[in-house]
Amino acid sequence: MHELAIAEAIAQVALRHADGRRVAKIEVAVGHLRQVVPDSLAFSFELVSMDTPLAGAELELRIVEAGGRCERCGWEGSLPGFPLVCGACGGLDVEVTRGEELLVESLELDELEPQPMVSGGMR
């Protein structure tokens, strides 16, 4: 189940950038060719985020369809299934240009707690 390793990687990135603040939402781009099962990833993320500032955070996935460019004829477009075949000439010499992504695109963080006032201004 490679979703657990992916969930751990997402959690590490989010925790590093959250800098101790609670995370409300994480947006992730996942390429279709990564063959991630969204429900398995969500379950794995729940496990790895327990007892961290990520607990309860919404994991929003954006699936990126596979796409490529034919080395033979130059066609560029979607690659809907396997084998990865050029949509124009039927050639198999296709360079994948999208669909392998795994990117944490954004984090939605809770606001920082207000700092207590001290005479003369903020602490």
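The exchange below concerns a buried acidic residue and two sheets in a predicted model.

Me: What makes Glu3 a residue without a salt bridge?

Reply: A salt bridge requires a side-chain nitrogen of Lys or Arg within 4 Å of a carboxyl oxygen of Asp or Glu, whereas the nearest side chain of opposite charge to Glu3, that of Arg34, is 11 Å away. Glu3, which has its place in helix α1 (residues 2–18), is therefore described as buried yet without a salt bridge.

Me: How do you know that the side chain of Glu3 has a polar partner, and which backbone nitrogen is involved?

Reply: A polar atom of the Glu3 side chain lies 2.8 Å from the backbone nitrogen of Val37, and the cut-off for a polar contact is 3.5 Å, so the pair falls under that term.

Me: Which residues are in contact with Glu3, once its neighbours within four places in sequence are left aside?

Reply: They are Gln35, Val36, Val37, Ser40, Leu41 and Ser44.

Me: Why is one side of β4 and of β5 left without a neighbour in the sheet?

Reply: The three strands form an open sheet in the order β4-β3-β5, with antiparallel pairing. Because β4 (76–78) and β5 (94–98) stand at the edges and each has a single partner strand, one side of each is left without a neighbour in the sheet. From one strand to the next, the twist averages 35°.

Me: How do you know that β3 and β4 count as paired strands?

Reply: Pairing calls for at least two bridges between the strands, and strand β3 (residues 67–70) is joined to β4 over three bridges in the antiparallel sense, so the criterion is met. Arg69 stands opposite Glu76 in β4.

Me: What makes the sheet with the order β2-β1-β6 an open one, and which strands stand at its edges?

Reply: This sheet of three strands has mixed pairing, and β2 (58–64) and β6 (102–109) stand at its edges, each with a single partner strand, so that one side of each is left without a neighbour in the sheet. On average, and with direction ignored, neighbouring strands here are turned by 15° against each other.

Me: How many bridges join β1 to β6, and which helices pack there?

Reply: Seven bridges join strand β1 (residues 23–31) to β6, the two running antiparallel, and Val23 stands opposite Leu109 in β6. Helix α1 lies across β1, β2 and β6, running at about 45° to β6, while helix α2 (residues 38–49) packs on the sheet by touching β1 and β2, its direction making about 150° with that of β2.

Note on methods:
Residues are numbered from 1 along each chain as its sequence is written. This is a predicted model: local features need pLDDT of at least 70, side-chain atom pairs count only at pLDDT 80 or more; totals for chains, interfaces and linings use all residues. Side-chain values use heavy atoms; hydrogens and water are left out. Helices (H or I, at least four residues) and strands (E, at least two) are DSSP runs, numbered from the N terminus. Buried means under 20% relative accessible area, exposed over 50%, partly exposed in between (1.4 Å probe, protein chains only). Lys and Arg count as positive and Asp and Glu as negative; His and the chain ends are not counted. A polar contact is a pair of N or O atoms within 3.5 Å; within protein, one must be able to donate a hydrogen and the other to accept it, and residues adjacent in sequence count only if both atoms are side-chain atoms. Contact means heavy atoms within 4.5 Å. Axes are lines fitted to C-alpha atoms, for helices over the stretch in contact, and angles run from 0 to 180 degrees between N-to-C directions.
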